[in-house]
Amino acid sequence: MTPETSFFETRLATDETDLLAAQRLRYRVFVEELGGDGAMVDHADRLERDEFDPVVDHLVLVDNRRSRQALDHVVGVYRLLPGDRAERFGRFYCDSEYDLTSLRAAGRSLLELGRSCVDPAFRGGSGMFLMWNALAEYVLSREIEILFGVASFHGTDAQALAQPLSWLHHHHLAPATLRPRARPEGFQAMDLIPEAELDRRAAMTGMPALIKAYLRLGGLVGEGAYLDRPFNTTDVFLMVDTKAMSEKHRKFYETRQGQ
């Protein structure tokens, strides 16, 4: 623990106040900042919510200097949906955007990650690092084999995202036996630029930090992006096989779990 992190706490949401604070943070990021919307968004109370909230685990980053009463204490959130719980509920969030048949057929233990966001004041600092540590502990304790979810680019102009989308397609495409494909109603081809014409610097500059974090863990992408027009995002399917993680990251995660 350092002076910078001593006021942070990472844990699963424990009560209604935690959940409301997570939904308030999501509203500030996804609705006010990024221009998104949804059928269950509560604009009056400034809460971004949907039908999955009652069945998922909310991993939250709490700033203990902030007010719980004002729903201001959650400054980071990650939504986690284990595969067995998704089976009982009937679907994953990603089912609305991608065909997950091949992933389900693999017979591996799954965990869907979603609705990841951090308060602007804490981006680029230690907060996200602490959340990844907590996520690692969750994954290892439940023996999860494949993490997956959609990660988003802002906006739905695919040509403006041609470099990063094409880089992902040419360099990080998942094996065909595991590869989900974007559903036809939102399908956007990602191979917009030939591999020989890619500009690595431009591709990386246009890549959101969350996607780059997945790639550092050996992340792979599905076939095609999905244009989520209500949320004003271009989504890509990302997955990480925890068994295929580098030994460096595996040892790091196991060390964190043992502390």
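In this predicted model, helix 1 is followed by Gly35, a residue whose phi is positive, near 80°. The helix itself spans residues 16-33 and comprises 18 residues, and the separation of 24 Å between its first C-alpha and its last is close to the 26 Å expected at 1.5 Å a residue. Helix 1 nevertheless bends by about 30°, the position of the bend being Tyr27. At its N-terminal end, helix 1 is capped by Asp15, a side-chain oxygen of which lies 3.2 Å from the backbone nitrogen of Thr17. With 13 of its 18 residues buried, helix 1 is mostly covered.

The nonpolar interior was examined next. The largest nonpolar core contains 43 residues, and those with the most contacts inside this core are Tyr78, Leu111, Leu135, Leu168, Ile211 and Val236. Helix 4 (residues 126-141) supplies the largest share of this core, namely seven residues. Apart from this core lies another, of 20 residues, which includes Val56, Val150, Leu178 and Tyr226. For Ile211, when residues up to four places away in sequence are not counted, the residues touched are Ala151, Phe153, Leu168, Val236 and Leu238.

The surroundings of Leu165 were considered in the same manner. Leu165 is placed in helix 5, which covers residues 162-172, and this residue counts as buried because its relative accessibility is 0%, a value under the 20% limit that defines the buried class. With residues up to four places away in sequence again not counted, Leu165 touches Phe153, Ala158, Met190, Leu192, Ala225, Thr234 and Val236. Phe153 and Val236 thus appear among the residues touched by Leu165 and also among those touched by Ile211. Between Leu165 and Asp199, which stand 34 residues apart along the chain, the C-alpha separation is 12 Å.

Turning to charged side chains, a search of the whole structure yields 23 salt bridges. In one of these, the side chains of Arg115 and Glu48 meet with an N to O distance of 2.9 Å. This pair links distant parts of the chain, with Arg115 located in strand 5 (residues 110-118) and Glu48 in the loop between helix 1 and strand 2 (57-63), the two residues being 67 residues apart. Both Arg115 and Glu48 are buried.

A further salt bridge is formed by Asp95 and Arg104, whose side chains meet at 2.6 Å, N to O. Asp95 counts as buried because its relative accessible area is 12%, whereas Arg104 is classed as partly exposed because the corresponding value is 40%. Elsewhere, salt bridges that share partners join Arg26, Glu48, Asp50, Asp53, Arg79 and Arg115 into one network, so that the buried residues Arg115 and Glu48 are both members of that network.

Asp72 also forms a salt bridge, in this case with Arg66, and the closest N and O atoms of the pair are 3.3 Å apart. Asp72 counts as partly exposed because its relative accessibility is 28%, and Arg66 is likewise partly exposed, with a relative accessible area of 24%. Both assignments follow from the limits in use, since partly exposed denotes the range between the buried class, under 20%, and the exposed class, over 50%.

How values were computed: Residues are numbered from 1 along each chain as its sequence is written. This is a predicted model: local features need pLDDT of at least 70, side-chain atom pairs count only at pLDDT 80 or more; totals for chains, interfaces and linings use all residues. Side-chain values use heavy atoms; hydrogens and water are left out. Helices (H or I, at least four residues) and strands (E, at least two) are DSSP runs, numbered from the N terminus. Buried means under 20% relative accessible area, exposed over 50%, partly exposed in between (1.4 Å probe, protein chains only). Contact means heavy atoms within 4.5 Å. The expected span of a helix is 1.5 Å times one less than its number of residues. The bend at a residue is the angle between axes fitted to the seven residues ending there and the seven starting there. A polar contact is a pair of N or O atoms within 3.5 Å; within protein, one must be able to donate a hydrogen and the other to accept it, and residues adjacent in sequence count only if both atoms are side-chain atoms. A nonpolar core is a set of buried Ala, Val, Leu, Ile, Met, Phe, Trp, Tyr and Cys residues joined through side-chain atoms within 4.5 Å. A salt bridge is a side-chain nitrogen of Lys or Arg within 4 Å of a carboxyl oxygen of Asp or Glu.
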